[in-house]
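Visitor: I am new to reading protein structures. Please take me through this one feature by feature.

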Amino acid sequence: MKIKYLGHSAFMIISEEGLKILIDPFISGNELSNTPVEELNPDIILVTHGHSDHFGDTLDIAHNSGATVICCHEIATFIQKQGLNSVGMNIGGSISINDLVNITMVFAEHSSGIDFTEEIEEGGVAAGFIITLESGKKIYHAGDTALFSDMKTVIGDIYQPDIALLPIGDKYTMGVEDAAIATSWLGSRIVIPMHYNTFPEIEQDPEVFAQYVDEVSLGTVTMPLQPGESYTEEYEPGDEYESIDE
Ligand code: NI
Ligand code: MN
């Protein structure tokens with residue numbers, strides 16, 4: 001399993017069996033992202049909400065790759081109107097991809113208007129995703145969100161994600177302190193910060209986040225990635241190792 005950071009809240013996850021899952025592909029509009037959009041060839045695209053810094057290059061990538069976009073019902077309808085494949089779902093629901101990987105849509109405390117059209121269009125609700133890989137390993141992408149108590153009682157206690165991708169930028173989402181509390185509630189082995197330093201107004205030091213995590217969450221490793229860097233875990237269960245590579 002490989003998690004490649006593409007900057008902001010964008011990640012390409014490659015599952016143990018090679019399924020390519022692209023999340024929130026805000027790439028061409030992000031000066032910090034160093035991945036050419038045309039190199040991205042995902043099998044599926046997950047979009048957490050309708051804001052342009054998450055929807056990003058979704059239409060172009062879906063068009064070029066033929067990938068199906070999975071997102072909330074209202075955004076799916078918007079994408080289908082452009083003649084592209086999209087599957088709509090809603091909070092609390094799961095869908096299976098090829099009977100191997102499972103996608104669960106979970107709550108996020110945020111807004112979701114489609115803000116890059118002439119007038120803001122209805123974008124349903126903001127969400128996060130739990131991605132359950134073939135091995136059963138779970139990755140939680142929180143989308144944009146405030147701290148909310150279901151991170152403890154639903155996502156932490158019931159879904160028990162192994163790896164959490166959490167926003168730390170503040171202003172529009174949790175800042176470093178709330179994100180550290182979220183980390184302790186989730187109980188994940190690994191936390192990867194996102195949604196920071198893309199714009200001046202969300203400047204944060206991931207090392208400060210790591211210090212807060214160390215204070216409140218015993219045993220969680222904070223793994224900040226630079227755009228283009230990946231976090232990988234060994235395929236075999238029980239034989240896991242952690243590494244960062246280019
Ligand atoms: Ni947003
Ligand atoms: Mn955002």
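**Starting from one residue**

Guide: Let's begin with Glu 233, which sits in strand E14 (residues 230-233). Helices (H or I, at least four residues) and strands (E, at least two) are DSSP runs, numbered from the N terminus. Keep in mind that this is a predicted model, in which local features need pLDDT of at least 70 and side-chain atom pairs count only at pLDDT 80 or more, while totals for chains, interfaces and linings use all residues. Residues are numbered from 1 along each chain as its sequence is written, chains are lettered from A and ligands numbered from 1 in the order in which they are written, and side-chain values use heavy atoms, with hydrogens and water left out.

Visitor: Is Glu 233 buried or exposed?

Guide: We judge that by relative accessible area: under 20% is buried, over 50% is exposed, and in between is partly exposed (1.4 Å probe, protein chains only). Glu 233 has a value of 4%, so it is buried.

Visitor: Which residue forms a salt bridge with Lys 137?

Guide: In general, a salt bridge is a side-chain nitrogen of Lys or Arg within 4 Å of a carboxyl oxygen of Asp or Glu. Here the partner of Lys 137 is our Glu 233, with 2.7 Å between the closest N and O atoms. This pair connects distant parts of the chain, 96 residues apart: Lys 137 is in the loop between strand E9 (127-132) and E10, and Glu 233 is in strand E14. Lys 137 counts as buried because its relative accessible area is 10%.

Visitor: How far apart are the closest N and O atoms of Arg 189 and Glu 233?

Guide: They are 3.1 Å apart, and the two residues form a salt bridge. Arg 189 belongs to the loop between H5 and E12 while Glu 233 is in strand E14, so this pair ties together parts that are 44 residues apart in sequence.

Visitor: What joins Asp 162 and Arg 189?

Guide: Their side chains also meet in a salt bridge, at 4.0 Å from N to O. Distant parts of the chain are linked here too, 27 residues apart: Asp 162 lies in the loop between H4 and strand E11 (163-167), and Arg 189 in the loop between helix H5 (176-186) and strand E12 (190-194). Asp 162 is partly exposed because its relative accessibility is 21%, and Arg 189 is partly exposed because its value is 25%.

Visitor: How many salt bridges does the rule count?

Guide: The count comes to four. Put the pairs we have met together and you get a network of salt bridges linking Lys 137, Asp 162, Arg 189 and Glu 233.

**The metal ions**

Visitor: Which residues coordinate the manganese ion (ligand 2)?

Guide: For a metal, look for donors: N, O and S atoms within 2.8 Å of the metal (3.2 Å for Na, K and Ca), remembering that water is not among the atoms, so sites may look incomplete. In this model, Asp 53 (OD), His 54 (NE2), Asp 144 (OD) and His 195 (NE2) coordinate the manganese ion at 2.2 Å. Along the chain, these donors follow the spacing D-H-x89-D-x50-H.

Visitor: Where is the nickel ion (ligand 1) relative to the manganese ion?

Guide: The two ions are 3.2 Å apart, and Asp 144 coordinates both. His 54, in helix H1 (residues 52-55), and Asp 144, in the loop between strand E10 (138-141) and helix H4 (150-159), come from distant parts of the chain, 90 residues apart. Both His 54 and Asp 144 are buried.

**The cysteines**

Visitor: How many disulfides does the structure hold?

Guide: A disulfide is a pair of cysteine sulfur atoms within 2.5 Å, and the structure holds zero of them.

Visitor: Why does Cys 71 form no bond with Cys 72?

Guide: The sulfur of Cys 72 is the closest cysteine sulfur to that of Cys 71, but at 6.0 Å it is too far for a bond. Likewise, Cys 72 is in no disulfide. Cys 71 is buried at 0% relative accessibility, and Cys 72 is buried at 2%.

**One last residue**

Visitor: Where is Val 208?

Guide: Find helix H6 (residues 206-216), which contains Val 208. With 31% relative accessibility, Val 208 counts as partly exposed. Its C-alpha atom is 35 Å from that of Glu 17, a residue 191 positions away along the chain.
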